[in-house]
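Dear colleague,

Please find below the structure that I am handing over to you, together with its sequence. My notes on what was found in it follow.

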Amino acid sequence: MAEGVRDFSDLKSTLIKAKQPDKAEAAAAEGRPKLDKQGRAYATGKRKNAVARVWLKPGPGRIRINEKEENIYFARPVLRMILRQPLVAAGRDGQFDVVCTVMGGGLSGQAGAVRHGISKALIAYEPNLRPVLKQGGFLTRDPRVVERKKYGRPKARRSFQFSKR
């Protein structure tokens with residue numbers, strides 16, 4: 001316990017002092033952007049087993065994933081559309097450069113992770129976009145993951161073929 005605490009009123013005042021928000025939380029609460037020294041907003045996005053680290057900065061709208069252009073890394077148009085959904089919904093398509101590193105999972109999960117990261121980075125850069133992105137469902141982390149394999153079965157739920165013989 002803290003020194004100088006003699007009764008519950010002293011304890012309450014020390015707990016209130018300990019729960020002061022840090023600078024990043026205070027900036028987000030006030031509506032100020034949360035940027036690093038290079039003027040970039042950072043966020044982490046997740047989907048299935050994929051994790052994406054996303055940096056967002058003003059620019060002509062280039063998206064680079066793991067040092068490759070988006071149309072090379074995500075060859076399917078559907079995956080590229082998933083990437084751009086938060087930018088289009090916020091009306092910021094073509095205004096930000098996105099650099100991200102993504103690992104784990106497959107291409108679909110990685111595209112979802114990058115989309116989640118872009119959404120969170122947009123809020124870090126422009127906090128007033130939160131209602132638009134929240135309404136579109138871009139800020140919610142999709143909780144669905146692969147079910148684990150069970151003992152005595154070939155997969156999570158599949159059984160071995162039954163034979164009466």
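Which residue in E5 does Val-54 stand opposite? In this predicted model, the residue opposite Val-54 is Cys-100. That position is a convenient place to begin with the sheet.

The sheet

Strand E2 (residues 50–58) and strand E5 (residues 96–103) are paired in the antiparallel sense, with 8 bridges between them. Cys-100 in E5 is also the bridge partner of Ile-65. E3 and E5 run parallel and are joined by 3 bridges.

Taken as a whole, the sheet is open and has 5 strands in the order E1-E2-E5-E3-E4, and its pairing is mixed. At the edges lie strand E1 (41–47) and strand E4 (68–69), each of which pairs on one side only. E1 is joined to E2 by 7 bridges in the antiparallel sense, and within this pair Ala-41 stands opposite Leu-56 in E2. Helix H5 packs on the sheet, where it touches E1, E2 and E5. The direction of H5 makes about 150° with that of E1.

Helix H4

Helix H4 comprises 14 residues, 77–90. From its first C-alpha to its last it reaches 20 Å, close to the 20 Å expected at 1.5 Å a residue. There is nevertheless a kink of about 45° at Arg-84, shortly before the proline Pro-86.

Pro-86 is itself one of the buried residues of H4; the others are Leu-79, Ile-82, Leu-83, Leu-87 and Ala-90. An α-helix has 3.6 residues a turn, so residues three or four places apart point the same way. The buried residues of H4 pack against strand E3 (63–65), helix H3 (70–73), helix H5 (107–125) and helix H6 (130–136). H5 therefore appears in both parts of this account, as it packs against these residues of H4 and also on the sheet. After H4 comes Gly-91, which has a positive phi, near 75°.

Asp-142

Is Asp-142, in the segment after H6, buried or exposed? Asp-142 counts as buried because its relative accessibility is 19%, and the cut-off for buried is under 20%. The side chain of Asp-142 forms a polar contact of 3.4 Å with the side chain of Arg-47.

I should be glad to receive any questions you may have.

With kind regards

How values were computed:
Residues numbered from 1 in each chain as written. Predicted model: local features only at pLDDT ≥ 70, side-chain atom pairs only at ≥ 80, totals over all residues. Heavy atoms only, no water. Helix = DSSP H or I, 4+ residues; strand = E, 2+ residues; numbered from the N terminus. Expected span 1.5 Å × (residues − 1). Bend = angle between axes of the 7 residues up to and from the residue. Buried < 20%, exposed > 50% of the residue type's maximum accessible area, 1.4 Å probe, protein only. Contact = heavy atoms within 4.5 Å. Pairing = 2+ DSSP bridges. Axes fitted to C-alpha atoms, helices over the stretch in contact; angles between N-to-C directions. Polar contact = N/O pair within 3.5 Å; in protein donor to acceptor, adjacent residues only side chain to side chain.
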